[in-house]
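Visitor: I am new to this structure and would like a close look at a single part of it. Could you take me through the aromatic rings and their surroundings, step by step?

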Amino acid sequence: DDVNVRKAIAAAIDMPALQENVIKEYGLPTNYSLVPESLFLFEKPQWEEYLANHPKYEYNLEQAKQYLAKSKYPNGFECTFDTSEFSTFNSMSLAFEQALKEIGITVKINKISQDELISEAFGSGIKDGVRPYDLLILEWFADFPDPAGVLTPELMKGLIGDGGSNIAAYTNDKVDDLLNQQSKSTDDAERTRLMIEACNIVDAEVPYYVFAYPNALFGYNKRITGGVTDATPMWWWKFPVSQIKLSN
């Protein structure tokens, strides 16, 4: 609930080292934005300009300690970190545990099943309006090919409660207003402007730490001779069977 704590956590993580030693082929190095480049499907120059000016979470322990000192918890605190049996999540949670210890934050890892983790992410276990975890690690894939497929479900205040996908329990009335406006527009340029304005607010408040963009792996029968080059992130939403060519 304190932006300086969230900035402290972001600055305490040596992401290049984790990319090299833990994440590896699991995912691409992140630009720390909720919106991956694979969703820059319209008004691409505007999204690329946003990305170029997007704040990066540089690893800096002294900076992390300074952020924590400015927070409501200058002497650190204890917190829970819910993760699953998924190997990458386990490794990342252990790395986070060690990193945050360096700045006085004691992390207790709570390993649950992947089904339980997903259930928690969608609001299960809420008590007195509070979700049952302090930190939670999860994958997210947009349900449709549009930046709003990430921003709306993960940021809207109305999706904090039971059944909601606002995993960070993030609340910002201005962001809600901007996302509601873009949902009513059919103009790509206007929608992009509104979503980027929302992103700039979110980037400064760090409700999520985006540590990797997972790779999508495809397997092909060796008889397939055409359509392979069409395997893009769009396959999550449209499988171009008509473009597949088979040899005899």
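**Aromatic rings around helix 5**

Guide: Phe89 is buried, its relative accessible area being 0%, and this value, like the others here, comes from a predicted model. Phe89 belongs to helix 5, which covers residues 87–101, and among the other buried residues of that helix are Thr88, Asn90, Met92, Ser93, Phe96 and Leu100. Helix 5 has 15 residues and reaches 21 Å from its first C-alpha to its last, close to the 21 Å expected at 1.5 Å a residue. The buried residues of this helix pack against several elements, including helix 1 (3–11), helix 2 (15–23), strand 2 (77–83) and strand 3 (105–111).

To describe a pair of aromatic rings, one gives the distance of the centres and the angle of the planes. By the rule that ring centres must lie within 6.5 Å, the count comes to eleven aromatic pairs. In one of them, Trp47 and Tyr50 have ring centres 5.9 Å apart and planes at 85 degrees, so this pair is edge-to-face. Trp47 and Tyr50 both lie in helix 3 (residues 44–52), three residues apart, which is about one turn of the helix, and both are buried. The rings of Phe86 and Phe89 also pair, with centres 4.6 Å apart and planes at 75 degrees, so they too are edge-to-face. Phe86 counts as partly exposed because its relative accessibility is 29%, whereas Phe89 is buried.

Finally, Phe96, another buried residue of helix 5, forms one aromatic cluster with Tyr32, Tyr57, Phe81 and Tyr209.

Technical notes:
Residues numbered from 1 in each chain as written. Predicted model: local features only at pLDDT ≥ 70, side-chain atom pairs only at ≥ 80, totals over all residues. Heavy atoms only, no water. Phe/Tyr/Trp six-rings, centres within 6.5 Å; stacked < 30°, edge-to-face > 60°. Helix = DSSP H or I, 4+ residues; strand = E, 2+ residues; numbered from the N terminus. Buried < 20%, exposed > 50% of the residue type's maximum accessible area, 1.4 Å probe, protein only. Expected span 1.5 Å × (residues − 1). Contact = heavy atoms within 4.5 Å.
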